Amino acid sequence: MAVAGDTFSMSTLFDALPYPNGISGSVPPPGFAPRASATHLHAAMFNLMTCCDGMSSFKEMIATLDKTELHRMASSLTSDSDYFMAIVTNKHGSRRVQKLLGKSDDADALFCAAILRRFLHITTDKYASYVTIRAMVVFDEDMKKAMYEKVLYYALDLARDQHGCIALNDIITDADDPYYRDQILDLVAYNALCLSNDASGNFVVQRVLALKDLRTMHNIAVSLCGHCIDLSFKKYGSYIVEKLLEVDHESMVVVVVELLECDGDRLMRLARNEYGNFVVCNALKSTKMSRIDLFWCLVQKLMPFIHLLRRSHGSNIANILESLKLRY
């Protein structure tokens with residue numbers, strides 16, 4: 001199927017598709033206002049990329065393309081930013097673009113430029129974000145550096161977006177450049193307080209803590225110092241504080257000292273809270289294993305409230321205290 005006047009013939013590509021009559025170019029891309037220079041090929045390409053059927057045939061077809069054909073296909077897909085966005089924000093379009101990444105450096109250069117032009121919009125979209133994630137895995141070193149620079153620039157925007165936070169977490173987990181990995185971790189640690197209080201951002205802090213990088217855990221603990229109790233009253237905030245208690249490290253001490261320094265009534269309310277009780281319980285378990293001095297200080301502060309803890313979410317804490325009552 002050749003397009004008159006177009007220097008890019010996609011006959012090999014279209015002939016390989018499982019459509020007996022080829023692909024109709026009569027249906028315009030939904031939501032896409034084509035340029036004056038848009039051709040029948042653009043509409044046909046859109047249908048090819050976003051069709052809900054034929055994924056296996058698509059993979060077989062692109063496996064037969066040489067580098068020149070891949071470059072021409074990438075050129076067609078990325079020639080207009082709105083057109084590219086319309087494809088990658090489509091569930092099936094995103095999946096097909098991902099299949100095209102990493103097959104040719106020349107084609108990747110075009111895809112990289114297209115992603116960078118709309119980086120924030122792409123990386124915060126439900127489907128397009130997976131194109132960014134895949135690109136960060138398969139692009140060459142120079143392209144990855146350009147992508148990492150965008151990640152750093154938009155890191156907080158990504159972290160506070162419901163889809164962007166998922167993409168950022170995957171990028172952090174797969175980061176293979178030590179310099180950029182540390183830069184991203186430091187940025188998250190420095191902004192840990194605002195992220196911990198954000199519905200999406202807290203997931204990024206949790207992911208970073210799960211890496212158990214001691215330097216980063218310390219930096220996050222420093223950023224959250226004085227706010228651990230407030231966070232512990234909240235569902236997702238309590239998860240973050242619990243992770244700070246999981247290792248024998250300064251971060252654990254920061255949390256426990258804050259528990260010990262708050263007034264008894266507030267500690268009692270935290271211990272009875274549906275989320276905070278897990279923080280207090282984990283603080284007891286962690287200190288018993290590695291800081292017995294802090295453990296007994298915490299026990300002493302909680303023991304006067306044991307009768308209140310028994311009849312609340314703090315019953316697990318009361319059980320720990322009961323087992324120590326004779327020694328107390």
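1. Helices in this note are DSSP runs of at least four residues, numbered from the N terminus. The model under discussion is predicted. On that basis, Asp177 is placed in the loop between α11 (164-174) and α12 (178-190).

2. Asp177 merits a comment on its surroundings. Its relative accessible area is 16%, so the residue is buried; the limit for that class is under 20%. Between Asp177 and Lys144 the C-alpha to C-alpha distance is 8.9 Å, although 33 residues separate the two in sequence.

3. Helix α2, residues 40-50, is mostly covered, with ten of its eleven residues buried. The buried positions are Leu41, His42, Ala43, Ala44, Met45, Phe46, Asn47, Leu48, Met49 and Thr50.

4. Turning to aromatic contacts, the structure contains eight aromatic pairs. In one of them, the ring centres of Phe119 and Tyr154 lie 6.2 Å apart and the ring planes meet at 20°, so this pair is stacked; the criterion is planes under 30 degrees apart. Phe119 belongs to helix α8 and Tyr154 to helix α10 (residues 141-159), so the pair ties together parts that are 35 residues apart in sequence.

5. Phe119 is also part of a cluster, in which ring pairs link it with Tyr153 and Tyr154. Because its relative accessibility is 1%, Phe119 counts as buried.

6. On the surface, a patch of positive charge gathers Lys59, Lys91, Arg95, Lys99, Lys103, Lys126 and Arg134. Which helix gives the most to the positive patch? Helix α6 (residues 91-100) does, with three residues.

7. Lys126, one of the residues in the positive patch, sits in the loop between α8 (119-123) and α9 (129-138). Its relative accessibility is 46%, and Lys126 therefore counts as partly exposed. The class of partly exposed residues lies between the limits of under 20% for buried and over 50% for exposed.

8. A nonpolar patch is likewise present on the surface: Phe203, Tyr236 and Tyr239 make up an area of about 250 Å². Phe203 lies in helix α14, which spans residues 201-210. With a relative accessible area of 34%, Phe203 is partly exposed.

9. Two phenylalanines may be set side by side in closing. Phe119 counts as buried at 1% relative accessibility and takes part in the ring cluster with Tyr153 and Tyr154, whereas Phe203 is partly exposed at 34% and contributes to the nonpolar surface patch.

Note on methods
Residues are numbered from 1 along each chain as its sequence is written. This is a predicted model: local features need pLDDT of at least 70, side-chain atom pairs count only at pLDDT 80 or more; totals for chains, interfaces and linings use all residues. Side-chain values use heavy atoms; hydrogens and water are left out. Patches are made of residues with over 30% relative accessible area and no salt bridge: like charges are joined within 9 Å, nonpolar side chains (Val, Leu, Ile, Met, Phe, Trp, Tyr) within 5 Å. Accessible areas come from the Shrake-Rupley method with a 1.4 Å probe; for residues, only the protein chains shown count as cover. A salt bridge is a side-chain nitrogen of Lys or Arg within 4 Å of a carboxyl oxygen of Asp or Glu. Lys and Arg count as positive and Asp and Glu as negative; His and the chain ends are not counted. The place of a charge is taken as NZ of Lys, CZ of Arg, CG of Asp or CD of Glu. Helices (H or I, at least four residues) and strands (E, at least two) are DSSP runs, numbered from the N terminus. Buried means under 20% relative accessible area, exposed over 50%, partly exposed in between (1.4 Å probe, protein chains only). Rings of Phe, Tyr and Trp (its six-membered ring) pair if their centres lie within 6.5 Å; planes under 30 degrees apart count as stacked, over 60 as edge-to-face and the rest as tilted.
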